Structures are given as C-alpha cells and as structure tokens.
Amino acid sequence: MNQLSLSRNTIQSFCNVLRPMLSTEIMVIDENLIAVAGTGQYKKNVGTRRPRDSYVHKSIMYGESFEIEAPKETRECMRCEIRSMCPYSSVISSPIKYADRVVGIFGLLGYTHHQKRVMTDKALCLSRLSDEIADLMADMFVGKASDQERLLGSDEMTRIISSVEEGLILTDRNSQILNINEFGEKLLGAKRSELLGRSSEFLGQEIDMCASEFGKLENAKGASRKLSACRKPIKPDCPKDGHIIVFRHPVPAHAPKRTYVNAARGLEFIGRSEAVSELKDLVKKISKSSSTVLITGETGTGKELVASLVHYESLRKYNPFITINCSAVPDVLFESEVFGYSAGAFTGAHRNGKMGRFEMADKGTLFLDEIGYLSLDGQSKILRFLDNCVLEKVGGLNAPKIDVRIIAATNKNLNKMVQEKSFLEDLYFRLNVIPLHVPPLRDRLMDIPLLLEHFLGKTNQRLGHAVQGFSPEALAFLFAYQWPGNVRELKNIVEYVCNIRDAGLIELDDLPSYLREQRKVEKDRNLRTVDQVERLLVEEAIRLFGNSTKGKRAAAAYLGVSMATLYRRLSAMSRSKDMGCAPPQTGKKPSS
C-alpha cells in the first residue's frame, strides 16, 4: 500500500482543518494516481484513480509544481483523459517528496467563479502555501505514523495557520486549545503561551460562538465590537473529535496589515538545476531576517526577481517593496528622491514636502538596483543611513528612525571597485552581510526547456498563438549558445519567434539573424558535450509528449530516432542518475 494511504484518515482530517482557512477545495493524490483525501466536491473522487496524461500525472513524473489558471486550455491539460468534462476553474498543485522520490501531490482546486477569483488574487500566497503544506505532509505522514493531536500542535502547522489572514484556533476532543495563530492572539488580546492547553470553553464568556452564523462580541469592559467566531468540527462525521474555530473580523488598527501587493502575484524563479535549487534554498533561509543582502550577477539573470522573492518570503511581505534604480537617478536629485524633503526646503519645493523612497519603504524593503553606478556622494549618504537608520530629509528639522531592510544588486565587481577607490569600502562591507549570486544561464543549461515552456505559454496567450515548441536542431543550438544576455535574452528570443510563427515548431531558421550568424562560431568552440545536449533534448521531448508509450513514439519521431534508440538513451540516463554521475550543467569538462 502507498505510504500516504496508510495515513488516509489523518490526512483527511488535515484537509478538513485546512479547508476553512483557504476558501478552496483540497485534494491529496498518491503516486499511483489514487485520490487519498479531498474536500467539498472533490471528496467524491477519494479512492478513485485520477486521469493519466494530466497535470497530476506530470507532477508525479517530474516532481514539479503547477499553477493552472485555465484548465482545459493549457498545455498540461491537452492530453488529459477527462479534459472535455473537466469541472475545475483553477488549480494549484505541489509534489509531496520523500527521500528524493515523489510519493504524491497536494493540490488546491477551484470549482466556482468565486474560488477562481480567490486563487487568482492570492496566486503567489497560495502557491507557496501549497509547497509548504506538501513538505509538511512528507514530514508528518510518510515513513511514520501520525496522530491528529501531534499534527495540529506541530510547529509546521503553526507556520501554515500563521499565513492565514483570519484568527484561527485548533482544539482537541476535550476542547483544549492545541494551536492558535498570530491573528487569533491579536483578536483575543492574549499571548499564545497563555492560551495553549487551556479549555476553549472560556471563549463562550467573551464571544458569541455559533455553528454557522456570526454574532457580535461583548468584551469584559462592555464595549461592543464586530467580532464573530464559527466553530467547525475537524471531522464532519465525528463532531466531538476536535474543532477549528475561525474568527472573521477586520483586523484591529494595532494589528499588522496583511494585504498582498499585486506586484507579488506570479513571482517565481524558474529552474530545477543545482545552482538554482541552492539559490532558492538560500533565499528561504535568509528571508526571515532583516539583514542586508547584496545580490550579484550578470545582466539579465533576474536579480530584481530574487530581491522580490526575498521580500515576499519574509515577515515584511505585507509591507512595501520599493525599488530605486541607482543608475537612473541624477546625482543632483538623488538625496531628495531617496530621502525626501521638507516643506520649503528649497526654491520650487512642493509646499507639503515630499516623501522619499526610504520613508515609503518603512517596515518593508528598499531595493537598491544597480548600486555599482551610484556616485561616491550618494554612497556616503546610504552609508550614513545604514549606520544609524535615521531618516534625514533635505531641510528637515526632525530625524526619525525608520525600519527598512536594504537589498542591493549589481552586475559590477564591487570588490575591484573598492580597490580602485570608486566604491566605499565601508559601504561594501555593510551591504555584503548576506551575499547572493544569481548564476548565468550558461551555467544552468537544464533550465532552458523550463524557461522556454514558461515564456512560450505566456507569449502564446498574449498573442493568441499556438507555438508548440522548438525543433531538435533549434534546441540543440540554444543549448550550445553562450547567452550573454541570459534569461532576458532568452525571453526576447521567444517573443521574436512567436511573432514569426503562430503555430507548430520553431525551426533553426526562425531564430533571430544575429543568432544564426554565430552558428559556425558556436560549433567551433565545442563548448557543449554531445552527451549533454542529447540528454537535454531527450528530456525536452519526453516533457513535450509525455512518458506513456504513445508519448515515447511521438518523442522518438520528434528526435528523428527509433524507439529502440530512445529507450537505450532513457536507460542510460536513468543509470547515470542512479549512480549520481549526471552530465555537468556547464560547458566545462569534469576534472579527472
């Protein structure tokens, strides 16, 4: 029996707990495509085999997360067995991984227009929450027995309920409080340590608790405020076996505001190469602190995207993320633009003064892009702020302290600039507390198919085209190309070819002329080994056509090889992966 199936009852309880928090339906499917648990309309699928050649099947095969805004219309759904009858309005799914193996998937489902709108508006939040829940399920349900009370009181569950914008309390069968999130603490005006283990019956003295409707609260001082709570059983068929209490009330003025900025939607650093995986892991680790971060990398690698991810993974994610392009602000305007000015500070100043970027970013994050282009005078002003966190406006009499996390980025060698006296040494060390390096595209070749798929999907949707992908010859050239413009250049190439073609496969001659002119140069350099390019081509073919027998026939035809040859290459790739000797991701030959 599958490892998830062994804990199906507890997993179902777990889903029941999550359902009131998320406003979506939930599914859990094991590696054999059997639905293990679900909520709402999906519950009728529990115990049945889910369709092959769907996003579910691909997620289990490749260990990838999916965010599908238009089921039945996206590439992942084209070969699905139930495409014509698909009832979903939106889907987010994450693989459940244990011991380097995908043992199932966790997913969020929308059936109604309202659920689709919720999932679209909170796409970034829900996709990250889905990944966190999948990781939690691997820890709690796979390879070990799990009981409901240990699950509800776990640190992992605390992290999950703390990301929900409602007050939540989880109780056991004896009505004792097992867990509470930050909003619950704020609304009750009590600390977590004071509430855990206490009977939830005392809540009846302070709030009007009901099963379905929400009442009003009369607090101890007799003042009325709009606060209501709804008690729901964790197991609908066993109402006494623990409850989830949901407070639905606008957060008080003293509580932190938690509203996602629209700019956060859809943020994702695409890639599964070792270099990108390490970068993503490091971003998650350092996001929780407020230490200064310095992001380095070549032009077009995605430094601003990494800065955004650091912010939206952090505790500051509900506060502003403000960007300054240091190369675009003239020196004479830098101080007033960044720090702001007071009323009457100079001739022509606005009568009410002006708020600077630092003040805009209070309680949030300030991103100093292209800081290597900042003048020495501007550098000294940034350094002065980092020394004392005091905001000194132009012409201002008061200098209040503000709370801002600084993230800086550059494509220049700041260490060399320090030696050349063109960058302040003190500022360099102040910024370089946590260094992050974004790898160039040529060092993460295996990510090219994923990036092509992502940009093709976005561009096809925008232009109304149906370009399927790249021919083997075109792909082989893209794998061999040096990519001086990195991911930005790849994105531009995809947009170019989608304007040249509106359907079918992109051929080598469809690529921009400046690329075709370099074909002989790239061949002569011999920077990519044959085995490496073949491996990437085979992986892309299987991704395009699927891992079924029918899909492999189509993949073999796409690659121009026989089925026997394709199976030999797949077998060799599998042995290489099992032995831990996959081809290198860069053009450098492995050292002997």
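Tutor: Two strands count as a pair if DSSP finds at least two bridges between them. Strands (E, at least two residues) and helices (H or I, at least four) are DSSP runs numbered from the N terminus. This is a predicted model, where local features need pLDDT of at least 70 and side-chain atom pairs count only at pLDDT 80 or more, while totals for chains, interfaces and linings use all residues. Residues are numbered from 1 along each chain as its sequence is written, and side-chain values use heavy atoms, with hydrogens and water left out.

Student: Thanks! In strand 18, which residue is the bridge partner of L366?

Tutor: Strands 17 and 18 run parallel and are joined by four bridges. Within that pairing, the strand 18 partner of L366 is I406.

Student: What is the order of the open sheet of five strands?

Tutor: Start at the rims: strand 14 (321-325) and strand 19 (434-437) each pair on one side only. Strand 14 is joined to strand 17 by five bridges, and strand 13 (residues 293-296) to strand 19 by four. With parallel pairing, the order reads 14-17-18-13-19.

Student: Are the residues of strand 17 mostly covered or uncovered?

Tutor: Here buried means under 20% relative accessible area, exposed over 50% and partly exposed in between, using a 1.4 Å probe and protein chains only. T365, F367 and D369 point one way from strand 17, L366 and L368 the other way, and all are buried. With five of its five residues buried, strand 17 (residues 365-369) is mostly covered.

Student: At about what angle does helix 9 run to strand 19?

Tutor: Axes are lines fitted to C-alpha atoms (for helices, over the stretch in contact), and angles run from 0 to 180 degrees between N-to-C directions. Helix 9 (residues 274-287) lies across strands 13, 18 and 19, and its angle to strand 19 is about 155°.

Student: Which helix gives the largest share of the largest nonpolar core?

Tutor: A nonpolar core is a set of buried Ala, Val, Leu, Ile, Met, Phe, Trp, Tyr and Cys residues joined through side-chain atoms within 4.5 Å. The largest one has 42 residues, with W483 among those with the most contacts inside it. Elements giving it two or more residues include helix 16 (448-463), strand 20 (466-470) and helix 21 (530-545). The largest share, seven residues, comes from helix 21.

Student: Which residues does W483 touch, leaving out those up to four places away in sequence?

Tutor: Contact means heavy atoms within 4.5 Å. Counted that way, W483 touches L441, R442, I448, L478, E489, L490 and I493.
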